[in-house]
Amino acid sequence: MKEIIQFFKTHSGYARMKDLKQAGFHTRNIRTLLDNGFIEKIKPGLYRLTDIPQTDGIPLSFIDVCKSIPKGIICLISALEYHGLSMINPSEVYVAIPNSEKPQTIEYPPVRIFYFRERFYDFGIETRKDSYEFIKIYNPEKTICDMFRYRNKLGEDLALEGLKNYLKRKDADIAKLHEYAIKCKVKTVMLPYIKAMVIV
């Protein structure tokens, strides 16, 4: 059992069943670790240590999702909260994948998947990394524009809150925000709000 736990530790706390089998570990012993709470099942074939160290600034749930869904990018309300643009702490992790991908299954944490068209998916992506792991997440400008794209589904008030908080930041880049609004097809909707908030 100790050898299996050590295998997890040398692989950033995560391991896939196929890799465990290739390393010579018996599924019976893996099941015992699971039943006794030493490891947790994230999705079929993917496990992680229960007492994995908490990362600095990166929620463990984000790492679980990015490990489970390789093309997943943290988006919308989850990204809004991560960037400090909203006080809402969603109960689900919001993640974007290309609409050409097959439906994803993940047992934990709770996720809400959005299938983005390629033209909305593949820009504005940041990689956030600390000493332990990394995630992919949309940058603040892309996140705000996506919130306006989904304003009818997620609420225009959240989109406006994110925009207002962003424009208060010293590092706010209106030119970049304008560029992303064009790419996300929300320029007509956002521009009046930007003008009103900047003037105020």
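A residue counts as buried under 20% relative accessible area, as exposed over 50%, and as partly exposed in between. These cut-offs are applied below to a predicted model.

**Two residues in their surroundings**

Tyr193 has a relative accessible area of 28% and is therefore partly exposed. Tyr193 lies in helix α11, which covers residues 187-199. Apart from residues up to four places away in sequence, Tyr193 touches Phe148, Glu156, Leu160 and Leu163. One of these partners, Leu163, stands 30 residues from Tyr193 along the chain, and the C-alpha atoms of the two are separated by 8.4 Å.

Lys142, by contrast, has a relative accessibility of 0% and so counts as buried. This lysine belongs to helix α7, which spans residues 140-149. Once neighbours within four places in sequence are set aside, the contacts of Lys142 are Phe116, Phe120, Phe123, Gly124, Tyr180 and Cys184.

The two residues are set side by side here.

| Residue | Helix | Relative accessible area | Class |
|---|---|---|---|
| Tyr193 | α11 (residues 187-199) | 28% | partly exposed |
| Lys142 | α7 (residues 140-149) | 0% | buried |

**A mostly covered helix**

Helix α4 is formed by residues 60-68, and seven of its nine residues are buried, so that the helix is mostly covered. The buried positions of α4 are Leu60, Phe62, Ile63, Asp64, Val65, Cys66 and Ser68. An aspartate, Asp64, is thus included in the buried set of this helix.

**The chain as a whole**

The protein chain contains 11 helices and eight strands. Its C-alpha trace extends over about 65 × 35 × 25 Å along the principal axes. Of the 200 residues, 45% are classed as buried. Among contacts in the chain with a separation of 6 or more, 58% join residues that are 24 or more positions apart.

The exposed surface of the protein chain amounts to about 10700 Å², of which carbon and sulfur atoms supply 50%. The chain carries 32 positive and 24 negative charges, and the mean positions of the two sets are 4 Å apart.

**Confidence of the prediction**

The average pLDDT of the protein chain is 87, and 94% of the residues score at least 70. Among the elements, helix α7 has the highest mean pLDDT, at 98, whereas helix α1 (residues 2-9) has the lowest, at 77. Lys142 is thus located in the element with the highest mean value. Where pLDDT is low, predicted coordinates should not be read in detail.

Definitions and conventions: Residues numbered from 1 in each chain as written. Predicted model: local features only at pLDDT ≥ 70, side-chain atom pairs only at ≥ 80, totals over all residues. Heavy atoms only, no water. Helix = DSSP H or I, 4+ residues; strand = E, 2+ residues; numbered from the N terminus. Buried < 20%, exposed > 50% of the residue type's maximum accessible area, 1.4 Å probe, protein only. Contact = heavy atoms within 4.5 Å. Areas by Shrake-Rupley, 256 points an atom, 1.4 Å probe, with all protein chains shown as cover. Lys, Arg positive; Asp, Glu negative; His and termini not counted. Charge placed at Lys NZ, Arg CZ, Asp CG, Glu CD. pLDDT = per-residue confidence, 0-100.
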